[in-house]
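Student: I have a model open and would like to talk through its fold with you. Shall we begin?

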Amino acid sequence: MKWKPPREWEQLRQGIGCPICEDMRLEENRFSFKVAELRQGIVRLAKNQYMRGYTVVMLRRHVNELFELSAQELAEFWQDVARVARVLYDLYQPTKVNYLVFGHHCPHLHCHLLVHSYEDDPSTPVDMNAETVLLAPEQYRDIVAGMRRRLQVSD
Ligand SMILES: [Zn+2]
């Protein structure tokens, strides 16, 4: 897979046609369910639960790089990420929560949260879409409800 063409990439960097801006506030989009809107981050549970608990926190506004945030925004964003990590830790009791900040498909700042257990091989490259594992609607509802309860946010 290649990078998007330079002109398209430059538009995406500016937020023009940004798929994250377009659908991060929807209750359900193609990839995920909304869990909560926190101070700086919008929290979404991925539909593909091949890696259990796979969650993404997206910055509320369109920014490409961490260095574009004010000190306060930056602190609040990571506080939101940490809150979600605590919730995933409580729910899944992992060996480790991992944080991935990529953006080579979409430059809108977001952080992937993944939980790993002792059964996982720690030297395997992380690919949360290596396989597709979809749950029943009520299973997603239960996970989202559990996360909301622990985040102390309402539906
Ligand atoms: Zn965006």
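Tutor: Gladly! Two strands pair if DSSP finds at least two bridges between them; helices (H or I, at least four residues) and strands (E, at least two) are DSSP runs, numbered from the N terminus. This is a predicted model, where local features need pLDDT of at least 70, side-chain atom pairs count only at pLDDT 80 or more, and totals for chains, interfaces and linings use all residues. Residues are numbered from 1 along each chain as its sequence is written.

Student: Which are the edge strands of the sheet?

Tutor: Five strands make an open, antiparallel sheet, ordered β1-β2-β3-β5-β4. An edge strand pairs on one side only. That description fits β1 (32-37) and β4 (96-100).

Student: Which residue in β2 stands opposite S32?

Tutor: β1 and β2 (residues 41-46) run antiparallel, joined by five bridges. The partner of S32 in β2 is A46.

Student: How far apart are the end C-alpha atoms of helix α3?

Tutor: The expected span is 1.5 Å times one less than the number of residues. For the 22 residues of α3 (residues 71-92) that gives 32 Å. The model agrees, with the end C-alpha atoms 31 Å apart.

Student: What arc do the buried residues of α3 cover?

Tutor: Buried means that 20 or more other C-beta atoms, placed from the backbone, lie within 10 Å of a residue's own; exposed means 12 or fewer, and partly exposed is in between. In α3, F77, D80, V81, V84, A85, V87 and L88 are buried, while A71, Q72 and D90 on the other side are exposed. The buried ones lie on the same side of α3 because, taking directions from the helix axis to the C-beta atoms, they cover an arc of only 160°.
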